[in-house]
Amino acid sequence: MNYLIETLIKILLVVLIFSALAGFTTYVERKILAFFQRRLGPTIVGPFGVLQILADGIKLFTKEDIVPSGANRLIFRIAPTITAATAFIAMAPIPFFPEFELFGYIITPIISDINVGILFVLGVGAAGLYGPLLGGISANSKWSLLGAARTAVQLLSFEVVSGLSLLAPLMLVGSLSLIDINNYQGDGITNWLVFSQPLAFVLFLFAGYAELNRTPFDLLEHEAEIVSGYATEYAGMRWGMFFIGEYASMISLSFVVSLIFLGGFNPLGFVPGGIAIILKVSFLIFLFMWARAAYPHIRPDQLMGLCWKILFPLALLNVLITGIVCLGGGN
Amino acid sequence: MSKYVKIVEQAPLLSNAQKFVKFWNRALKGELFVGLWLVFKEFYKGQIHTVQYPQEKMPLSPRYRAVHELKRLLESGNERCIGCGLCEKICVANCIRMETGYGEDKRKKVFEYSINFGRCIYCGLCAEVCPELAIVHGKRYENASEQRASFALKEDMLTPIDRVLSGQEFEFLGIGSVSVDADRRIKATPLKYLEDSAEANENKETAMESSKEIKQKEEVHA
């Protein structure tokens, strides 16, 4: 009973905090991107425009909910929920902070430490692409259909890389649980997996950017080519849910990357673990925006070529070398 | 049979080895990081170019052409417009309309003057052609209003009389007025140049003749 109540409270906290954080990240992105491009970003609502997201929220909630006349109404309405829900479901096996004690209870800030943690995160994250896919197909619009087709292309491209690139670090750790992966890097900076698996780190970042359709691989809603892709026909809060989902998965991917490669929530010198992981996650989110400011979009065929012709062989090579090292007496 | 000449040559086909070298150059030169560093420098320098428009406004050129103004004479406050109708004639968009007639003092008066700002292309011809500097382009570019006619009538454009009488009105220097350095740039007529050069030639010839005479005298003396 205690376990049930504790888990329910954790779920509620995770959903509330991360949907608020996802909203706040849109503000941070607009501001940082503006500074990269010599602009100011939102400044009017609240001090430094912090409350802009509140104004946007009011606007999105009060907008008319339009469903196009030829659309498949049911699927069109369900699709944004899939994106938003999977973004939060993927957070279930992620340990956000180290254990701490509150009012005599020992609290583990993880909803459920399942033994296939990282597999679950990857699977649910990939299932999240059903949102754009179904939304694009059901909207009865050419732009949305193109966006949906590109979703399929993107899914087929990045999925192979994200799985294979993680295989090598997992061979070193020997466990799929994120807590085990975190504890493996517990002995200081030199044990971080980014140093023993730099190639896997880069490949996983590439795949992650493609999975969240962040800018270099922003094919699903390439504004210059297909208006807004799968989201063309969406308005109001249904459109907003796509973006809450996108930003929530951005945060959870940053947590996953810092747990697997950057030492997770292990204390960093004098910095306690909880602060350390927040710093790492902030840097990774900044990196998302940095890359968005620096790089142009690439074409779908370039994405497929990159993933299948370059990243896929590199990931296989990485797995092969890691396997030889493991057998040769490393582990 | 005619032969076509290709102006743009196709890129030379690369061998597989060359392609491989090109790929590794691209991969290892770190061009991706060059891009990241470039935008990060901008982020760090923080040179913001935003003009926060309703609070801040960009300075306008003195010869900016926005909504027209009808000017008054500085001393008396009388309207400058003499009702000649040149602006109505020259307007390429055909948007100026004026009604003129003789007033009680038997002088020509302008009863109505209106500009259709939906058609006006702000070319500045009316201000340029006006012989009296009566119609000029002002600097009021924020011309959104609830009524289309809000700017277009004579009383909207005419400088208020109390403003002129209180001495707040100054000589207009914008579009339509003579430029500041007009005196310096003024040139004589072409015939004047001819006269000048003819005079100069005469002077030269007389000078030459006198030098010849001097030489002859010297020769005689010698």
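A residue counts as buried when its relative accessible area is under 20%. Cys120(B), with a relative accessible area of 13%, is therefore buried. The model described here is predicted.

**Cysteines of chain B**

How many disulfides does a search of the whole structure find? The search finds zero over all chains. Cys95(B) is in no disulfide, and the nearest cysteine sulfur, that of Cys91(B), is 3.5 Å away. A disulfide needs two cysteine sulfur atoms within 2.5 Å, so a gap of 3.5 Å does not qualify. Cys95(B) is buried too, at 6% relative accessibility.

What about Cys120(B)? Its closest cysteine sulfur belongs to Cys95(B). The two sulfurs are 4.4 Å apart, which is too far for a bond.

**Salt bridges**

Side chains of opposite charge can pair when their charged atoms come close. Over all chains, the count comes to 14 salt bridges. Among them are the pairs in this table.

| Salt bridge | Closest N to O |
|---|---|
| Asp56(A) and Arg30(A) | 2.8 Å |
| Arg150(A) and Glu225(A) | 2.6 Å |
| Glu142(B) and Lys57(B) | 3.1 Å |

Take the pair Asp56(A) and Arg30(A), a salt bridge at 2.8 Å. Asp56(A) lies in helix 2 of chain A, and Arg30(A) lies in helix 1 (residues 2-36) of chain A. The pair therefore ties together parts that are 26 residues apart in sequence. Arg30(A) is partly exposed, with a relative accessible area of 36%.

Next comes the salt bridge between Arg150(A) and Glu225(A). Arg150(A) sits in helix 6 of chain A, and Glu225(A) sits in helix 10 (residues 223-226) of chain A. Parts 75 residues apart in sequence are tied together this way. Is each partner buried or partly exposed? Arg150(A) is buried, at 12% relative accessibility. Glu225(A) is partly exposed, with a relative accessible area of 37%.

In chain B, Glu142(B) forms a salt bridge with Lys57(B). Here both partners lie in loops. Glu142(B) is in the loop between strand 4 (135-137) and helix 5 (154-157) of chain B. Lys57(B) is in the loop between helix 2 (31-45) and strand 1 (68-70) of chain B. The pair ties together parts that are 85 residues apart in sequence. Glu142(B) is partly exposed at 39% relative accessibility, and Lys57(B) is partly exposed with a relative accessible area of 47%.

Salt bridges also form a network. It links Glu29(A), Arg214(A), Glu246(A) and Arg292(A).

**Helix 2 of chain A**

Helix 2 of chain A spans residues 52-62 and holds Gln52(A). At 16% relative accessibility, Gln52(A) counts as buried. Which residues does Gln52(A) contact, leaving aside neighbours within four places in sequence? They are Arg30(A), Pro42(A) and Val45(A). Arg30(A) is also the salt-bridge partner of Asp56(A).

**Helix 5 of chain A**

Helix 5 of chain A covers residues 130-138. Its buried residues are Gly131(A), Pro132(A), Leu133(A), Gly135(A), Gly136(A) and Ser138(A). What do these buried residues pack against? They pack against helix 3 (73-89), helix 4 (117-127), helix 6 (142-173) and helix 11 (236-260) of chain A. Helix 6 is also where Arg150(A) lies. Just after helix 5, Asn140(A) takes a positive phi of about 60°.

Methods. Residues are numbered from 1 along each chain as its sequence is written. Chains are lettered from A and ligands numbered from 1 in the order in which they are written. This is a predicted model: local features need pLDDT of at least 70, side-chain atom pairs count only at pLDDT 80 or more; totals for chains, interfaces and linings use all residues. Side-chain values use heavy atoms; hydrogens and water are left out. Buried means under 20% relative accessible area, exposed over 50%, partly exposed in between (1.4 Å probe, protein chains only). Helices (H or I, at least four residues) and strands (E, at least two) are DSSP runs, numbered from the N terminus. Contact means heavy atoms within 4.5 Å. A salt bridge is a side-chain nitrogen of Lys or Arg within 4 Å of a carboxyl oxygen of Asp or Glu.
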